[in-house]
Amino acid sequence: MDGFLTFLVIVAVFAAILGGMAWIAARARRRGIGDSITGPWDEIWHPTAHQAHIEIREQEERATPRPSADDK
């Protein structure tokens with residue numbers, strides 16, 4: 001019985017850690033700060049997603065030229 005209880009505690013702790021990580025990631029993405037929190041994780045385990053985040057960030061930083069007053 002002690003072995004089963006130990007196993008149950010380990011599984012519960014593992015589930016709590018994974019659930020907490022998922023909650024933090026969802027909260028960060030809702031607030032728009034997901035890149036700073038999940039960026040290192042994506043860079044290690046999903047490099048193409050990290051490259052896509054870099055490209056999106058670069059496109060957002062590019063400013064479209066405003067039309068001059070002489071343009072019609």
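R30 has its place in helix 1, and in this predicted model the residue is exposed, with a relative accessible area of 64%. Helix 1 is one piece of a simple layout: the protein has three helices and zero strands. The overall form is far from a ball, since a compact globule of 72 residues would have a radius of gyration near 11 Å, whereas the protein comes in at 22 Å.

**Overall shape and surface**

- Reading from the N terminus, you get the order α-α-α.
- Along its principal axes, the C-alpha trace covers about 85 × 20 × 15 Å.
- How much of the protein is buried? Buried residues account for 11% of the 72 residues.
- The exposed surface of the protein adds up to about 6600 Å², and carbon and sulfur atoms supply 64% of that area.

**Helix 1 and what follows**

- Helix 1 takes in residues 2–31, which makes 30 residues.
- Does the helix length fit or clash with what you'd expect? At 1.5 Å a residue, helix 1 should span 44 Å, and its end C-alpha atoms sit 43 Å apart, so the two agree.
- Right after helix 1 comes G32, and its phi is positive, near 85°.
- R30, back in helix 1, has its C-alpha atom 17 Å from that of W41; the two residues are 11 apart along the chain.

**Helix 3 and I54**

- Helix 3 covers residues 47–61, and I54 is in it.
- Is I54 buried, exposed or in between? With a relative accessible area of 32%, I54 counts as partly exposed, because that label covers values between the 20% and 50% cut-offs.
- I54 and G39 are 15 residues apart along the chain, while their C-alpha atoms are separated by 9.6 Å.

**Charges and the salt bridge**

- The protein carries 8 positive and 10 negative charges, and the mean positions of the two sets lie 8 Å apart.
- Side chains of opposite charge can pair when their charged atoms come close.
- How many salt bridges turn up here? The count is one.
- The partners are R62 and E55, whose closest N and O atoms are 4.0 Å apart.
- The two partners get separate exposure labels: R62 is exposed, at 53% relative accessible area, and E55 is partly exposed, at 35%.
- Those labels follow from the cut-off, because exposed means over 50%: R62 has 53%, while E55 has 35%.

How values were computed. Residues are numbered from 1 along each chain as its sequence is written. This is a predicted model: local features need pLDDT of at least 70, side-chain atom pairs count only at pLDDT 80 or more; totals for chains, interfaces and linings use all residues. Side-chain values use heavy atoms; hydrogens and water are left out. Helices (H or I, at least four residues) and strands (E, at least two) are DSSP runs, numbered from the N terminus. The radius of gyration is taken over C-alpha atoms; the globule rule is 2.2 Å times the number of residues to the power 0.38. Buried means under 20% relative accessible area, exposed over 50%, partly exposed in between (1.4 Å probe, protein chains only). Accessible areas come from the Shrake-Rupley method with a 1.4 Å probe; for residues, only the protein chains shown count as cover. Lys and Arg count as positive and Asp and Glu as negative; His and the chain ends are not counted. The place of a charge is taken as NZ of Lys, CZ of Arg, CG of Asp or CD of Glu. The expected span of a helix is 1.5 Å times one less than its number of residues. A salt bridge is a side-chain nitrogen of Lys or Arg within 4 Å of a carboxyl oxygen of Asp or Glu.
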